[in-house]
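Ready for some practice in reading a protein model? Work through the exercises below one at a time, and try each task yourself before you look at the solution.

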Amino acid sequence: MEQLNCPNCGGKMTLLRGGAKARCEICDTEAVMNNGRSHNTAITDKENIAGVMELTATGADLHNLLVLSLIRTPFMPLNLLSSLQVLSVDHFLVSGFLFECEYSINYTYEVGNERTVVTHSSYGGNISSEKESVVDWTVMNDRLESSDHIIVSGAKELENCINAIWARGDIGSLTEIESAGEQPAGTIEIGYNLSPNAVFENQVKPTFTESARAKVRRQLNSTRYRNLNTASPAIRKTLTRILLSAVKVNYFYNGQDYQLWVSGDGQRYYTEAIPVDNDRKQKYHALKLAASKNQPSIVLIVILFLVAGAAVSLGYAHWTGWAVFLLCTLIPSWLIVRYRKVDAAIRAFTAFEEERRKVVRLFIAKSNCLAGCLEESARTDPRRANPPLSEIV
């Protein structure tokens with residue numbers, strides 16, 4: 001009989017009872033048999049799928065998130081919102097893993113307790129006392145227990161974007177597979193080609209390890225401590241196979257194509273690149289650097305002039321009077337020049353930022369829509385003018 005190879009890792013597969021399925025001896029991937037060949041148990045194997053993160057995002061939701069992604073950069077081209085063209089919207093249903101984990105981590109640290117030591121000494125009949133602060137360090141052992149969940153992609157092809165938009169998705173919106181509605185026509189289904197064991201070791205375990213250590217540091221935040229050592233957390237996991245809906249918005253600007261990935265519930269988005277005006281980017285950094293310089297204190301300038309006036313009242317007969325007068329007039333004069341330069345830089349930076357804000361406010365005030373396939377649904381849905389669009393500017 002021909003050896004069966006795993007479609008995930010290429011390892012040897014063993015037939016299960018009945019011969020309808022096979023399991024990989026290396027990564028535990030299950031496959032269904034078709035004419036003696038193994039095929040990944042992807043979306044077509046509904047027995048392994050417990051639920052679906054359904055597509056509930058509307059065209060208005062997609063429009064809102066696209067606008068948000070565009071206006072959040074200070075380097076936004078000023079003609080972007082009026083020149084951009086939304087070309088198409090693609091729907092995806094991607095296999096994923098829901099890991100619900102309970103974890104505990106042991107850690108040791110030294111806690112400091114400050115006390116005051118009073119030392120009395122006698123010299124020549126005089127008794128003196130000196131106070132000194134001393135910190136006593138005590139080794140402590142403790143344990144933290146917590147629980148959390150994470151959603152990760154089961155498909156290598158869309159791993160980055162799916163993990164970005166669904167990692168902390170609300171599992172309360174998970175719908176049972178039997179109750180799931182129909183997907184939009186043309187939905188692209190992507191099955192499993194990642195091993196759950198490999199995903200757990202490479203993604204889930206490191207994520208919860210760092211999360212546990214961060215919680216330990218936050219727990220000790222109000223404590224004076226040093227030499228914190230944390231062990232690797234013990235993680236008890238529950239794995240559920242689910243389907244994740246995602247939407248890809250394709251748009252075009254200035255001769256280049258861009259994509260925006262949106263979670264099926266319309267709550268999160270991910271993009272690898274957005275349109276940027278490189279000239280504005282350079283100008284932004286130059287103005288920000290000039291505006292971030294320390295501005296001299298007006299109070300200091302006034303004090304120096306007062307000192308110069310006091311030097312005048314003392315008379316110039318003595319050379320110190322002349323020296324104080326010159327220093328206390330030249331230094332504040334230089335500080336005034338510096339103050340005015342920094343103030344001008346701040347005003348220029350504020351005016352530069354206001355250009356972008358003005359374009360966005362005008363876009364929202366006129367209820368404008370991005371041109372393309374989302375325009376009609378955005379115009380007819382009252383939710384398009386959601387507060388988040390105005391909050392960002």
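### Exercise 1: Cysteines

At 6% relative accessibility, Cys-161 counts as buried, because buried means under 20% relative accessible area, exposed over 50% and partly exposed in between, with a 1.4 Å probe and protein chains only. The model is predicted, so local features need pLDDT of at least 70 and side-chain atom pairs count only at pLDDT 80 or more, while totals for chains, interfaces and linings use all residues. Residues are numbered from 1 along each chain as its sequence is written, and side-chain values use heavy atoms, with hydrogens and water left out.

**Task.** State whether Cys-369 is buried or exposed, and find how many disulfides the structure holds.

**Solution.**
- Step 1. Cys-369 has 10% relative accessibility and therefore counts as buried.
- Step 2. A disulfide is a pair of cysteine sulfur atoms within 2.5 Å. The structure holds 0 of them.

### Exercise 2: Helix H3

**Task.** Find out which residues of H3 are buried.

**Solution.**
- Step 1. Begin with the term: helices (H or I, at least four residues) and strands (E, at least two) are DSSP runs, numbered from the N terminus.
- Step 2. The buried residues in H3 are Glu-159, Cys-161, Ile-162, Asn-163, Ile-165 and Trp-166.
- Step 3. Since 6 of the 8 residues of H3 are buried, this helix is largely enclosed by the rest of the structure.

### Exercise 3: A pocket

**Task.** Describe the lining of the second largest pocket by element and by class.

**Solution.**
- Step 1. Here is how a pocket is defined. On a 1 Å grid over the protein atoms alone, a cavity is a set of points where a 1.4 Å probe fits but cannot get out, and a pocket is an open set with protein on both sides within 12 Å along at least five of seven lines; lining residues have an atom within 4 Å of a point.
- Step 2. The second largest pocket has 13 lining residues, and Gln-259, Trp-261, Tyr-270, Thr-271 and Glu-272 lie nearest its centre.
- Step 3. Two or more lining residues come from each of helix H3 (159-166) and strand E12 (256-263). E12 gives the largest share, 4 residues.
- Step 4. Sort the lining by class: 6 residues are nonpolar, 3 polar and 4 charged. In this scheme Ala, Val, Leu, Ile, Met, Phe, Trp, Tyr, Cys and Pro count as nonpolar, Asp, Glu, Lys and Arg as charged, and the others, Gly among them, as polar.

### Exercise 4: Thr-73 in its loop

**Task.** Where is Thr-73 placed, and which residues is Thr-73 in contact with, leaving aside its neighbours within four places in sequence?

**Solution.**
- Step 1. Thr-73 sits in the loop between helix H1 (59-71) and helix H2 (80-83).
- Step 2. With 9% relative accessibility, Thr-73 counts as buried.
- Step 3. Contact means heavy atoms within 4.5 Å. Beyond its neighbours within four places in sequence, Thr-73 is in contact with Ile-274 and Arg-356.
- Step 4. The Thr-73 side chain also reaches the backbone nitrogen of Phe-75, at 3.1 Å.

### Exercise 5: Partners from afar in sequence

**Task.** How many residues apart in sequence are Glu-100 and Leu-239, and how many Å separate the C-alpha atoms of Glu-376 and Ala-60?

**Solution.**
- Step 1. Glu-100 belongs to strand E6 (residues 85-123) and is partly exposed, at 32% relative accessible area.
- Step 2. Glu-100 and Leu-239 are 139 residues apart in sequence, yet 6.7 Å apart in space, C-alpha to C-alpha.
- Step 3. Glu-376 lies in helix H8 (residues 375-380) and is exposed, at 65%. Its C-alpha atom is separated by 9.2 Å from that of Ala-60, 316 residues apart along the chain.
- Step 4. For the whole chain, 73% of contacts between residues at least 6 apart in sequence join residues at least 24 apart.

### Exercise 6: Positive phi

**Task.** Give the phi values of Asn-227 and Asn-254.

**Solution.**
- Step 1. Most residues other than glycine have a negative phi.
- Step 2. Asn-227, in strand E10 (residues 225-230), has a positive phi of about 50 degrees. This residue is partly exposed, at 47% relative accessibility.
- Step 3. For Asn-254, phi is near 55 degrees. Asn-254 is in the loop between strand E11 (234-253) and E12, and counts as exposed at 69% relative accessibility.

Terms used. A polar contact is a pair of N or O atoms within 3.5 Å; within protein, one must be able to donate a hydrogen and the other to accept it, and residues adjacent in sequence count only if both atoms are side-chain atoms.
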